[in-house]
Structures are given as C-alpha cells and as structure tokens.
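Welcome, and thank you for taking a look at this model with us. Have the sequence and the coordinates at hand as you read through the short report below.

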Amino acid sequence: MNSRKTEVLVGAFVALAIAALLMLALHVANQGARGNGETYNLYAKFDNIGGLKVRSAVKVGGVTVGRVENIALDPQDFTPVVTLSISADYNEFPETSSVSILTSGLLGEQYVGFQPGFSIDGVENLADGDYIEDTKSALVLEDLIGQFLFNKGSD
Amino acid sequence: MEWLARLGSATLARFSAMGRATFVLTGALIAKPQPMKHIPLTIQQMYVVGVQSLSIIVVSGLFIGMVMALQGYTILVDYGAEGSLGPMVALSLLRELGPVVTALLFAGRAGSALTAEIGLMKATEQLSSMEMMAVDPLRRVVAPRLWAGMISMPLLAIIFSAVGILGGHLVGVDWLGVDAGSYWSIMQSTVEWNEDVMNGIIKSVVFAFVCTWIAIFKGYDAVPTSEGISKATTQTVVYSSLAVLGLDFVLTAIMFGIE
C-alpha cells in the first residue's frame with residue numbers, strides 16, 4: 001500500500017463523512033428553518049395553553065408564519081403569556097386578529113392557529129410588542145369529558 | 001484471611017492498571033507536536049482504522065435503517081401515523097443507534113486489530129528496540145493510532161446515521177409506500193440540529209476516545225505471549241462494549257433526561 005493511495009482513500013473517507021453531515025444538516029435537521037429572515041414578536045394571553053411548547057408552529061390557514069418563542073406566566077394575574085415570533089414577511093395582520101391553540105390531528109402536536117381579522121378603517125396593523133386580545137384556549141379533553149358527564153348527570 | 005488478601009490484590013491490580021492506562025494516554029497525547037512526522041503516520045492509521053471499517057459501517061447502517069423502517073411501519077400503520085416513520089428512524093439513528101452501534105462495530109473491527117497489532121509489536125520486541133533507538137513508542141506507535149481512532153469514529157457514526165436514514169427511505173418510501181414528502185418534511189420539522197445531531201456527534205466522540213484508549217492500552221499492556229495477546233484482544237472487545245453501553249446511558253441521561 002503506497003502512501004499516495006492511502007492519502008487519496010482517507011481523503012475520500014473524510015469527504016464522504018462531510019457529505020453525510022451536509023445531508024443531515026440540509027435534509028434531516030431543521031437548522032435553517034428559523035434563523036433566516038427578520039422576525040417580530042407578538043404576545044397573547046391564554047387561560048390554558050394545554051400542551052403547547054416552545055418552538056411550536058404558528059400557522060395561518062395551515063401555512064407556518066412563525067414559532068412560539070417563549071411561554072411564561074404573568075406574575076400579576078397568573079395567566080400564561082405566549083410570545084409568538086412571526087416572520088417579518090407577514091407584518092400586516094390587523095389588530096382584530098385572533099389566535100387559538102389547535103391540535104393537528106387527534107393525537108398530534110399542538111400549534112397556534114392565527115386567524116387574521118378584518119381590516120377596516122381605523123383598525124391598525126399589529127406591530128412588534130403588541131398583545132393579541134382575542135384568544136381561544138386549548139381544548140382540554142378532560143374538561144370536555146367532565147362537562148359532558150356533568151350535563152348527563154343533571155338531565 | 002486468604003480471600004481478604006485476594007480482594008486486596010485484585011483491587012491494587014485494578015488501580016495500577018488504571019494508572020498505567022493514564023500513563024499511556026498522557027505519554028501519547030502530551031508532547032511537543034511534530035506535524036511533519038506525525039500527520040502522515042496518523043493518515044496511514046486512519047486508512048487502517050477508518051477507511052477499512054467503512055464497508056461494515058455502511059452495510060450495517062443500511063440494514064439497520066431498513067429494519068427499523070419495516071418494524072416501525074407495521075406498528076405505526078395501525079394508528080394511521082406512518083408519516084411519523086421519518087422522524088422515528090432519524091431520531092433513533094441520530095441519538096442512539098448511530099453512535100452506539102458504530103462504537104460496538106468499531107470495537108470489534110478496529111479496536112481488536114489495534115490491540116493485536118500493538119500486542120504483537122510488544123511480543124516481538126519491536127517496541128523495546130524502538131526505545132533502544134531513542135524513539136518513543138508511545139509517540140511513534142500509540143499516538144497516531146489514538147488520533148486516528150478518535151477522528152475516524154465520529155465520521156463513521158455520521159456516515160452510519162446518514163446511510164441508515166437512506167435505508168429507511170428505501171424500505172419505507174420505495175417499498176411500503178409512505179409518502180416521500182411526509183417522510184422528509186416531518187423529519188425536518190422534528191429533528192433539531194443542536195439537540196439531536198450535535199448530541200449524537202458528542203456521544204460518538206466520547207465513545208471514540210474510550211474505545212481507542214481501551215484498545216491501545218490493552219495492546220500496550222498485554223502479556224507478550226500468544227496467549228496474552230489473545231486474552232488482551234478479547235478484553236478489548238468486551239471492555240469497550242461494556243464501557244460504550246454504560247456511558248451511553250449516562251450521556252443519554254445528561255443530554256435528554258431533563259426537559
């Protein structure tokens with residue numbers, strides 16, 4: 001085994017490994033999914049966020065426009081405050097928009113469904129740091145079952 | 001009294017072996033770098049340790065990915081969740097199977113060869129004659145092999161995971177008919193670069209260090225007879241495998257244990 005051939009083969013080995021890493025980076029992991037592009041933050045208060053997690057998607061009609069940046073509890077009134085990081089490409093949502101926490105499929109991940117409101121005169125667009133007033137909480141299955149049983153019992 | 005003495009001598013032997021292992025490691029790693037002399041030696045060893053292990057890694061990666069896709073599909077399809085096949089295959093490969101199976105195969109394929117080679121060098125007194133010529137065998141023989149192992153194994157683990165994911169694609173998408181779009185897109189939205197890919201690579205670096213260290217130390221410390229070398233080779237494979245599996249639990253607990 002001469003040294004030249006060894007070097008070429010080792011070089012091919014390293015190149016193969018780099019190609020595999022690139023494939024993992026570009027095709028498998030979602031490294032680039034959030035970093036590119038400017039974003040702005042909106043806040044929304046919910047009564048109950050259910051199973052929402054940081055980095056869950058924010059969707060408008062099924063199109064992902066942003067991600068959940070942070071979830072915290074308001075120290076004053078003890079309600080969860082969700083920070084939504086929205087891509088700056090979509091910066092013309094009117095103030096009358098509403099958000100709700102939805103589930104994709106029966107057992108799927110929870111995400112924030114963003115429902116753009118009507119823009120009529122006198123309604124401004126949402127800007128960085130604004131609170132979205134109209135929110136709908138996550139559907140908690142246990143509450144639903146409890147309510148159902150309660151109603152059955154009172155019949 | 002007799003068993004007490006035996007317990008004591010066994011403990012002392014363990015500790016002195018650990019001391020010698022540390023001595024071999026520091027002797028090989030801590031020295032003035034001589035890139036002109038040692039980089040060609042390391043490349044030569046990377047050929048032996050890395051390139052020659054490539055075929056077994058690629059074939060096992062392909063088949064493990066294929067088997068996981070097949071097994072995962074039969075369970076997931078009952079829940080109509082066969083779209084989650086991609087993330088299942090990718091996450092299990094990147095987090096666990098890639099680093100661990102690569103390390104186990106590496107211990108069997110390359111670690112045993114390293115032990116036998118260094119052990120035979122010791123038995124045929126090549127190491128002592130190097131010392132006679134004022135060449136430090138730790139730096140000339142051991143260090144290039146250590147570096148080659150530590151560089152090659154993470155690369156092998158990356159290739160293993162990538163090939164496994166392609167194997168899963170082969171069975172899941174091309175054969176069983178999972179939608180190719182959902183295989184890749186749900187995988188992309190689930191797999192995190194830092195959380196999953198980088199942690200897998202960190203794992204394989206740790207395993208590489210441990211496996212190569214054990215292999216080299218067992219060879220360097222072997223009783224220089226044919227029986228001693230065969231025993232050292234066996235111990236390399238056994239100890240490396242146990243160390244990898246034990247460390248894997250510890251690393252997983254640190255990395256993924258607490259949300």
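## A word on burial

A residue is called buried when its relative accessible area is under 20%, exposed when that value is over 50%, and partly exposed in between. Glu96(B) makes a handy first example: its relative accessible area is 25%, so Glu96(B) is partly exposed. Please keep in mind throughout that this is a predicted model.

## Chain A: two domains

Let us begin with the layout of chain A. Domain 1 covers residues 1-30 and domain 2 covers residues 37-146. The C-alpha centres of domain 1 and domain 2 of chain A are 43 Å apart.

## Chain A: surface patches

Two kinds of patch are worth a visit here. Leu139(A), Leu141(A), Leu144(A), Ile145(A), Phe148(A) and Leu149(A) together make a nonpolar surface patch of about 640 Å². To find this patch in the viewer, go to helix α3 of chain A, residues 141-154, where Ile145(A) lies. With a relative accessible area of 46%, Ile145(A) is partly exposed.

The other patch carries negative charge and sits on the surface, where Glu95(A), Glu124(A), Glu133(A) and Asp134(A) gather. Glu95(A) is found in the loop between β4 (80-87) and β5 (98-103) of chain A. The relative accessible area of Glu95(A) is 42%, so Glu95(A) also falls into the partly exposed class.

## Chain B: a helical chain

Now for chain B, whose secondary structure consists of nine helices and zero strands. Following the sequence, you will read the pattern α-α-α-α-α-α-α-α-α. Along the principal axes, the C-alpha atoms of chain B fill a box of roughly 70 × 55 × 35 Å. Chain B has 259 residues, and 48% of them count as buried.

## Salt bridges

How many salt bridges does a search of the whole structure find over all chains? The search finds seven. One of them pairs Arg20(B) with Asp221(B), with the closest N and O atoms 2.6 Å apart. This pair links distant parts of the chain, 201 residues apart: Arg20(B) is in helix α1 (residues 2-29), while Asp221(B) is in the loop between α8 (193-220) and α9 (226-256) of chain B. Arg20(B) is partly exposed at a relative accessible area of 36%, and Asp221(B) is partly exposed at 27%.

Next, look at Arg95(B) and Asp196(B), which form a salt bridge whose closest N and O atoms are 2.7 Å apart. Because Arg95(B) lies in helix α4 (residues 85-123) and Asp196(B) in helix α8 of chain B, the pair ties together parts that are 101 residues apart in sequence. Is Asp196(B) buried or exposed? At 1% relative accessibility, Asp196(B) counts as buried, whereas its partner Arg95(B), at 26%, counts as partly exposed.

Glu96(B), our opening example, forms a salt bridge with Lys203(B), and here the closest N and O atoms are 2.9 Å apart. Glu96(B) lies in helix α4 and Lys203(B) in helix α8 of chain B, so this pair ties together parts that are 107 residues apart in sequence. Lys203(B) counts as buried, because its relative accessibility of 0% is under the 20% cut-off. Back in chain A, salt bridges that share partners join Lys45(A), Asp74(A) and Asp77(A) into one network.

How values were computed. Residues are numbered from 1 along each chain as its sequence is written. Chains are lettered from A and ligands numbered from 1 in the order in which they are written. This is a predicted model: local features need pLDDT of at least 70, side-chain atom pairs count only at pLDDT 80 or more; totals for chains, interfaces and linings use all residues. Side-chain values use heavy atoms; hydrogens and water are left out. Domain bounds come from an automatic or database domain assignment. Patches are made of residues with over 30% relative accessible area and no salt bridge: like charges are joined within 9 Å, nonpolar side chains (Val, Leu, Ile, Met, Phe, Trp, Tyr) within 5 Å. Accessible areas come from the Shrake-Rupley method with a 1.4 Å probe; for residues, only the protein chains shown count as cover. A salt bridge is a side-chain nitrogen of Lys or Arg within 4 Å of a carboxyl oxygen of Asp or Glu. Helices (H or I, at least four residues) and strands (E, at least two) are DSSP runs, numbered from the N terminus. Buried means under 20% relative accessible area, exposed over 50%, partly exposed in between (1.4 Å probe, protein chains only). Lys and Arg count as positive and Asp and Glu as negative; His and the chain ends are not counted. The place of a charge is taken as NZ of Lys, CZ of Arg, CG of Asp or CD of Glu.
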